[in-house]
Amino acid sequence: MIDYQIDDGLCVLRLDSPPVNAISLALLAELRAAVRRAGSDPQARAIVITGGPSHFSAGADLADFRATRTAADAQRMARTFQEAFAELEDCEKPVLAALAGKVLGGALELALACHQRIAAEGSQFGMPEVKLGINPGAGGTQRLPRLVGLPAALGLLLWGQSISAPSALKIGLVDRVCPGEALLDTARELLASSPLRRKTRERTDMIQDRPANSASLAQAESTVAASRPEIIAPRTILTAVRTGVEDSFDAGLAAERDGFCQCMATRATQNKFYVFEALRQAAKIDLPDATAEPTIARVAVIGMGTMGTGIVQALITAAIPVVAFDENPAALERGVAKIRASLAGRVAQGKLSDARAAEILDRLTLATDLRQMAGADLVIEAVFEDLAVKRSTLSLAEEICSAESIIASNTSTISLDRLAEGMRHPQRLLGLHFFNPAQHMPLVEVIHREATPPGLAAALLRFAKRIGKKPIPVKNREGFLVNRLLIPYLKEAFWLLEAGVEPEPIDRAMVQFGFAMGPFVLIDMAGLDILVLTDAVLRGAFPHHGGPPEIAVRLVQQGHLGQKTGSGVYRYEKGSHQPQPNPVAAGIIAEVRQGRRSFASPMSEGEITERLVLRMVNEAFSVLEEGLCQRPSDLDVAMVLGTGLADFRGGVVKYASDLGLEHVRARLTALSADCGPRYAPGKLLENPQSLIPNPFFPS
Ligand code: 3H9
């Protein structure tokens, strides 16, 4: 794992542990031994620690975190890292870190303990621990402020964003930036001209202004105070940093170790690790041999509404030439204008060059004549979610395209089996369900039927990866994964409204639970008409879901579709997305409530959350029972990526596992007695045992 080479007095220690040079405890022990050996090697005057061209290292090996079962394990882990890096810093010979590619977390902490740092152009530096819900545990909270000062250090530690090599040079994180191919020559030259043995832990120049330190810490504390209480890492980071600058380096290290243990013990952190793992698992799809697959080079998209336009933008940005068809020229115009505006926005933010934006747009051909799609290898249907409209579009696509081309529907709820009825080559129909806004949302459900040849499903999965999306394979059934859970949840929110709960407390409860927005704000954004339409599809397939959400139906009948009409459950001023109380909706709600059973006392936030979340949980267990996805964790990944549910909840199945499945079954049984069969627990809950073992600190 550590390659040891001596060349003309220079000892080069190269981390060699593909794919990302993760620093396992075993690698750390080897590194420690190699530094000791170099320290006493008479042929070595100085030491260079380096890695690969694309990864110096991704930081501590997350596989070791899986084996961290108790607080004592976590303490030991942090202490081992801290001691190894202290020993490195104390080495009698100059140690220089020659960095390229990604330098993240524990790897940056390793570099901080070296006496000098140089970086290849294009390398990236970051402390992503906070995103995993932990504070760094290898001295980062202490050495970083001493090297770059508090404002820059707090920025890196608290937000977990990466910075480029030029930015790292500017803040003093590295001493020099050079071309990647000159990294070792530059190291040699620097060690020959100025072989420093600067210990970062002894530096005080960047942290000696006490009033400035207090101001930086106070400002950071006020920002952190607004963050979610479940995630304690920002607070433990601040405690460790404050202790380090106000007390001593060693006291700071102890606070860092304690914070690391506290974070590791929280459910939120365990769930963040679970989602990290689950995401990687979901990417592992058993694909048949690629040679049996059709190639997808040319793509056509039918329908330039909101979804079609987003899909087109995602494709052309990912270097795929696209023919976009819409029978309505105005829709094409609107779609292109939207894409242009979005690209212009990225240019203005400095994220894209003018030339690249032009290149992206050049890949788009607009068509009002279907025959222009003739040569497409893949046709994506993105028309209105209506069976008849979709069927006629699919049959037109079949007429134009060759029998070999794949046809994918962006159906969000309608079963592929129903869409395939009447097709000449129904086996070539699959689903590619993008999420709105399709150019940004990472999730794509790749839907296959019993009759789908495996090569076609494999081709679409690979294609979705090629365009930078996270595909999840799903068996065909109405609503697929995300909408199968989301629509019943939104409908349940309307039933709570009918029973007397106001919209605001319902929305607040779900934001508190971990959604970016509450159900009514969401549905106002997506369109109440969409809810009514998609619920009808799900009700057809699953009659126990109950009748239509009457308040939503009446709002739609009276033209209150949500943000797009300025009025839905909430009211919106022209040009504003800020929800305001809506007297019209209040009137409709009052009408529907008449004669309905209402709650005797106001529902608490906990009761609202239980009712809405357990509705999703029950549906999730039906999905698992029906075997619609490969693993329970795929469904959790789909919910986190597709709905923006906070990763600290771990997703819906993990949340149920955390509650305890015995408890979930008991509560569902009680709710089904009260609310109806949509809550009746299914077979999978008859013999409750954890579907998802807890990797950390199992209770
Ligand atoms: C830390 O450092 C704590 C310290 O303070 C010390 C505490 C005591 N460990 O994402 P990719 C695997 S916390 C183990 O597909 P990319 C990944 O699972 C750590 N494995 O590639 C995958 O394996 P597989 C802080 C890791 O190019 C393979 O590498 N560091 C780790 O799109 C390729 O990954 C982070 O949070 C790891 N640390 O992205 C960084 N990282 O093929 C987390 C990756 O078997 N990692 N793997 O599925 C990342 O952000 C991205 O993986 C990275 C590469 C940007 C590095």
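This briefing covers the nonpolar cores, the cavities and one buried helix of a predicted model. Local features need pLDDT of at least 70, side-chain atom pairs count only at pLDDT 80 or more, and totals for chains, interfaces and linings use all residues. Residues are numbered from 1 along each chain as its sequence is written, and side-chain values use heavy atoms, without hydrogens or water.

**Cores**
- The largest nonpolar core (buried Ala, Val, Leu, Ile, Met, Phe, Trp, Tyr and Cys residues joined through side-chain atoms within 4.5 Å) has 93 residues.
- M373, L481, F494, F520 and L635 have the most contacts inside it.
- Another core lies apart from it, with 72 residues, among them V130, L150, L157 and F260.

**Helix α27**
- Helices are DSSP runs of H or I, at least four residues, and strands are runs of E, at least two, numbered from the N terminus.
- Eleven of the twelve residues of α27 are buried (under 20% relative accessible area, 1.4 Å probe, protein chains only), so the rest of the structure largely encloses this helix.
- Its buried residues pack (contact: heavy atoms within 4.5 Å) against α13, β17, β18, α20, α26 and α28.
- Just after α27, G644 takes a positive phi of about 75°.

**Cavities**
- A cavity is a set of points on a 1 Å grid over the protein atoms alone where a 1.4 Å probe fits but cannot get out; lining residues have an atom within 4 Å of a point.
- There are three cavities of 30 Å³ or more.
- The largest has a volume of about 50 Å³.
- L31, R32, V35, A84, F85, E87, L88 and L110 line the largest cavity.
- α3 gives the largest share of that lining, four residues.

Technical notes: Buried < 20%, exposed > 50% of the residue type's maximum accessible area, 1.4 Å probe, protein only. 1 Å grid on protein atoms, 1.4 Å probe; cavity = no way out; pocket = protein on both sides within 12 Å on 5 of 7 lines; lining within 4 Å. Points joined across faces, edges and corners; volume = space filled by probe spheres on them.
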